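Welcome! Open your viewer, and let's walk through this structure one selection at a time.

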Amino acid sequence: MSEILIAFGRALRSLTRRGVLVHLLWPSLVALLLWIGAAVFLWTPAVEGIMAWIDSWAFARDWLTGSEIGAATVLTLVKIALVLALLPLVYVTAALLVAVFALPMILERVAARDYADLERRKGGSNLGSAWNALVAGLLFLLGLLVSLPFWLIPGVGIVVSLVLTAWLNQRAFGYDALMLHADREELARLPRVLRPPMLLLGGGCALLAYVPLVNLLAPAFCGLAFVHFMLESLRRERIARGVTVLDALPGAPS
């Protein structure tokens, strides 16, 4: 738990550095504009499609046609579920933009300042990052789609969203944080060994997505926190194995 708190603290400190904050803002703004535009055009067809799907259930059709209050209640729940589903969609879009574009640039700045003593073994690549982000995003959307019927139960949608987003965070950002410094063996092993704390860190970041205004920074801030958590874990793991740690580069940029 202390390592997670340290990662959050270092991520907050990194926000003050030149060239970092801008990369925390633009992915969420782009994702937000994309999904607001999509909602404008797809809202009515989505609501009508879900209501038609519910109406295809025999027991639900009889209840909806026999009760105006019941039909109105279900319609309201469908609209609320769609609004709640929009938040993780914005988040996953922003997270993918962060993983593929923003985080590699943030990583260069943070690593030069805080982890200059770590040897760069380059076990990952930008292509591997893009593929990892794509697979993570598709699996996240599949989980979201499968869970949609449960979103009609008040409160369940938020819990499902938090769990899925926690998984997405550790899957998407764990690779990117290590791709420059870990070798292939470390890149495969460390995320597996650190899965529980990574999920906890990802869950803490997922909560930020529901805080107004803060949610604009949440995806990229999460990536930044994972950079600090994973690189510090890599540093400790190498020291424990007796791997020589490089001397920090003189005059490392701040």
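Start with a cartoon view of the whole protein chain: this predicted model has 9 helices and 0 strands. Following the sequence from start to end, you will read the pattern α-α-α-α-α-α-α-α-α.

Now switch on the surface. The accessible area of the protein chain is about 12,900 Å², and 72% of that belongs to carbon and sulfur atoms. Of its 254 residues, 44% count as buried. Among contacts with a separation of 6 or more, 86% join residues 24 or more positions apart.

Next, hide the surface and look inside. Select Tyr 91, Phe 173, Leu 178, Leu 201, Phe 229 and Met 230: in the largest nonpolar core, which has 56 residues, these touch the most other members. Color helices H1 (2-14), H4 (68-114), H5 (126-147), H6, H7 (184-193), H8 (195-208) and H9 (218-240), since each supplies at least two residues of this core. H4 gives the largest share, with 13 residues.

Zoom in on Leu 201. Beyond its neighbours within four places in sequence, Leu 201 is in contact with Ile 4, Phe 8, Ala 225, Phe 226 and Phe 229. Then move to a second, separate core of 6 residues, which includes Val 47, Met 51, Ile 54 and Leu 82.

For the last stop, select Asp 176 in helix H6 (residues 156-178). Which side chain of opposite charge is nearest to Asp 176? That is Arg 171, 9.3 Å away, and Asp 176 is buried yet has no salt bridge. Show its surroundings too: leaving aside neighbours within four places in sequence, Asp 176 is in contact with Ala 99, Val 100, Leu 103, Leu 107 and Ser 129.

Key. Residues numbered from 1 in each chain as written. Predicted model: local features only at pLDDT ≥ 70, side-chain atom pairs only at ≥ 80, totals over all residues. Heavy atoms only, no water. Helix = DSSP H or I, 4+ residues; strand = E, 2+ residues; numbered from the N terminus. Buried < 20%, exposed > 50% of the residue type's maximum accessible area, 1.4 Å probe, protein only. Lys, Arg positive; Asp, Glu negative; His and termini not counted. Salt bridge = Lys/Arg side-chain N within 4 Å of Asp/Glu carboxyl O. Contact = heavy atoms within 4.5 Å. Areas by Shrake-Rupley, 256 points an atom, 1.4 Å probe, with all protein chains shown as cover. Core = buried A, V, L, I, M, F, W, Y, C linked by side-chain atoms within 4.5 Å.
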